[in-house]
Amino acid sequence: MNPFESLQPTLAALSDGPEILPATGQAQQYLQQFDVDEHYDRVRTEGEKTVREVLEVRQNRIYIDVPPLPRTSKHLFQYFVDGSVKTFFLGTLVEHDRNTPVLLGQIGAAAINRDDKGNVQIRSEDFRREIIVLLNRKQISSTVWRKAESTIKDVRTRPPIRLVDTRETDTYNRSKLLGRSTEQRSRAAHKANWEMRVLETDLLRNLLARHDESGAYIAIDGSLGKEFSSKEFNRGFVGIVKNFSKDHVFHLRVRGRRMRLSLFRLLASLEVNNRTLAFARGDSSVAFWYLRIREQQHLDYPLMGVMKVEYPNPSRQPLSSDLVDCLSRALVAERTVTPHGRDQRWHAHLYPIYLAEQAIKNGFYSDDVLKAGIKWPDLDDRNSTQHRR
């Protein structure tokens, strides 16, 4: 059975009028040519490259020792949320003097739950998966868009299928770092990443709604952007950034001494099982700090083995240093087992987040299934139909 059979009427509607320039082999995986995690962290901290404010009560040391806090002593993090996306270029639609690439995205989000004994599972309500078809609505006629939209709304499949307009703005493509002149395929890929982030955000919202006040925390992969600015995201979770922006410069006053440090200098002296002070991001509604979970001597680069931790801070008041210590110690304890050699970000991975990502990817259709299952209408049949008209 072809899992993409229900998509064929939508492809037929999109190609009913515009000329089709199909991708070689029907579909080609589209890969971003840069580090996506670092890029989106730069987007979220755009215009905030100079850090001047320390956002914790204890401010007498830049580096603080945070030895591992094992689950058997205190089970702090009980949910781990991650998302994944895989995009494929299907072809280009050309209508008169306008054209748009058509991409298909497989997106998903999952939450790993761990009990006090260390057993992990993903509940059905904590797993989201969608297939999205991405194209620029402005580059095709309204008639073609409406026909495609009507066919896709009639589809009742699992995972659900949606039509996404890549022209719509969001936090990612609104950034000056992306720019208005970005090539359309790249913009569509950014849009797919944003749609994945929406799934993650929705999943976290539901987790927090049923999350008790026991003091347990949720770790979500990625930086905390404006999508987490509403009141419902004010407690009980942290954002984990494995690859982060390297543009920050720190102007600090510690023990009466003023100093200016680049991020490279700040992290070069950060030892394993240590964290930095917590700093204010923007208007102080987010606090962040850096945490080294692996020794430098076993790594290729001094900034490897370090993660950036972000914490929602709606009160904008300095955080309790004991809280930051406790969160950091629990995160250090999550560094093993490592997926060494299976992910280039292994040095900063938390293993439960890695498990969540793998669960999502294992639920995606394979490249072979996708290439065999997605077919544009036969060009010869289409031309003969138009000729009869």
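One aromatic cluster is formed by F244, F250, F279, F288 and Y290. The model is predicted. Within this cluster, F279 and F288 make an aromatic pair. Their ring centres are 5.7 Å apart, and 50 degrees separate the planes. The pair is tilted, because planes count as stacked under 30 degrees and as edge-to-face over 60. Both partners are buried. F279 has a relative accessibility of 0%. For F288 the relative accessible area is 1%.

Across the whole structure, the search returns eleven aromatic pairs. One of them joins F77 and F80. Here the ring centres lie 6.4 Å apart, and the cut-off for a pair is 6.5 Å. The planes of F77 and F80 meet at 40 degrees, so this pair is also classed as tilted. F77 is buried, at 1% relative accessible area. F80 is buried too, at 0%.

Aromatic rings also take part in contacts with charged side chains. The charged end of R185 sits over the ring of F89, at 3.8 Å from the ring centre. The charged end of R129 is placed over the ring of Y365, and the distance to the ring centre is 4.7 Å.

Y365 appears again in the analysis of enclosed space, as one of the residues that line the largest cavity. The other lining residues are P3, S6, I131, T157, R158, P159 and I161. The space inside this cavity is about 40 Å³. The count of cavities of 30 Å³ or more comes to one. By class, the lining of the largest cavity holds five nonpolar residues, two polar residues and one charged residue. The charged residue is R158, because Arg counts as charged. S6 and T157 supply the polar part, because neither Ser nor Thr is listed as nonpolar or charged.

Open space was examined as well. The second largest pocket has a volume of about 590 Å³. It is lined by 26 residues. Those closest to the pocket centre are L224, G225, K226, S229 and R281. The lining of this pocket divides into seven nonpolar, nine polar and ten charged residues. K226 and R281 belong to the charged class, because Lys and Arg are both assigned to it. L224 counts as nonpolar, and G225 as polar, because Gly is placed among the polar residues.

Terms used:
Residues numbered from 1 in each chain as written. Predicted model: local features only at pLDDT ≥ 70, side-chain atom pairs only at ≥ 80, totals over all residues. Heavy atoms only, no water. 1 Å grid on protein atoms, 1.4 Å probe; cavity = no way out; pocket = protein on both sides within 12 Å on 5 of 7 lines; lining within 4 Å. Points joined across faces, edges and corners; volume = space filled by probe spheres on them. Phe/Tyr/Trp six-rings, centres within 6.5 Å; stacked < 30°, edge-to-face > 60°. Buried < 20%, exposed > 50% of the residue type's maximum accessible area, 1.4 Å probe, protein only. Lys NZ or Arg CZ within 6 Å of the ring centre and 35° of its normal.
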